[in-house]
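Open the model in your viewer and keep the sequence beside it. Each stop below gives something to select and says what is there.

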Amino acid sequence: MTHSIEDLHVYLRSIKADERTSLSVLASLVHPEAVVLDLGCGSGALGQYLREHRSCTMDGLTLSEAEAEHARPHYRKVEVSDLENCDLLELFSG
């Protein structure tokens with residue numbers, strides 16, 4: 001489900017295990033306690049779900065600082081950059 005918020009172009013999504021959405025399908029493929037790099041993490045719905053329900057360690061990348069602000073509570077690290085021209089090894093070293 002998608003909810004708009006006051007920030008322009010930021011949508012809050014949620015994942016429910018009993019719904020079949022793109023995010024719930026992705027979440028079902030991740031093993032418990034996995035370390036996940038979420039490219040295009042948006043406002044953090046996948047990170048929140050995997051952290052809370054699968055005890056995963058999440059890092060994320062998004063293009064929007066407004067989205068990153070919403071995602072940060074659910075991720076170990078969130079970077080704001082353009083996937084087309086960023087250096088992932090530099091941003092997520094270690």
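A salt bridge is a side-chain nitrogen of Lys or Arg within 4 Å of a carboxyl oxygen of Asp or Glu. This is a predicted model, and it holds four such salt bridges. Three of them come up on the tour.

**Stop 1: Asp59 and Arg76**

Select Asp59 and Arg76 and show their side chains. The two form a salt bridge, with 2.6 Å between N and O. The pair connects distant parts of the chain, 17 residues apart: Asp59 belongs to strand 4 (residues 57-62), while Arg76 sits in the loop between helix 3 (65-71) and strand 5 (77-80).

Is each partner buried or exposed? Asp59 has a relative accessible area of 10%, so it is buried. Arg76 is exposed, because its relative accessibility is 58%.

**Stop 2: Glu65 and Arg72**

Next, select Glu65 and Arg72. Their side chains meet in a salt bridge at 2.7 Å, N to O. Glu65 is partly exposed, with a relative accessible area of 38%. Arg72 is also partly exposed, at 34%.

**Stop 3: Lys77 and Glu79**

Now select Lys77 and Glu79. They form a salt bridge in which the closest N and O atoms are 3.4 Å apart. Lys77 has a relative accessible area of 31% and is partly exposed. Glu79, at 22% relative accessibility, counts as partly exposed because the buried class is reserved for values under 20%.

**Stop 4: helix 2**

Select residues 45-54, which make up helix 2. Which residues of this helix are buried? They are Ala45, Leu46, Gly47, Tyr49 and Leu50. Just after the helix comes Ser55, which has a positive phi, near 55°.

**Stop 5: Tyr49**

Stay in helix 2 and pick out Tyr49. Its relative accessible area is 13%, so Tyr49 is buried. Which residues does Tyr49 touch, leaving aside its neighbours within four places in sequence? The contacts are with Ile15, Ala17, Ala27 and Arg54. Then add His74 to the selection: it is 25 residues from Tyr49 along the chain, and their C-alpha atoms are separated by 8.6 Å.

**Stop 6: Cys56 and Cys86**

Finally, select Cys56 and Cys86. Cys56 is buried, with a relative accessible area of 6%. Cys86 has 19% relative accessibility, so it too counts as buried, the limit being under 20%.

How many disulfides are there? A disulfide is a covalent bond between the sulfur atoms of two cysteines. With sulfur atoms required to lie within 2.5 Å, the count is zero.

Note on methods: Residues numbered from 1 in each chain as written. Predicted model: local features only at pLDDT ≥ 70, side-chain atom pairs only at ≥ 80, totals over all residues. Heavy atoms only, no water. Buried < 20%, exposed > 50% of the residue type's maximum accessible area, 1.4 Å probe, protein only. Helix = DSSP H or I, 4+ residues; strand = E, 2+ residues; numbered from the N terminus. Contact = heavy atoms within 4.5 Å.
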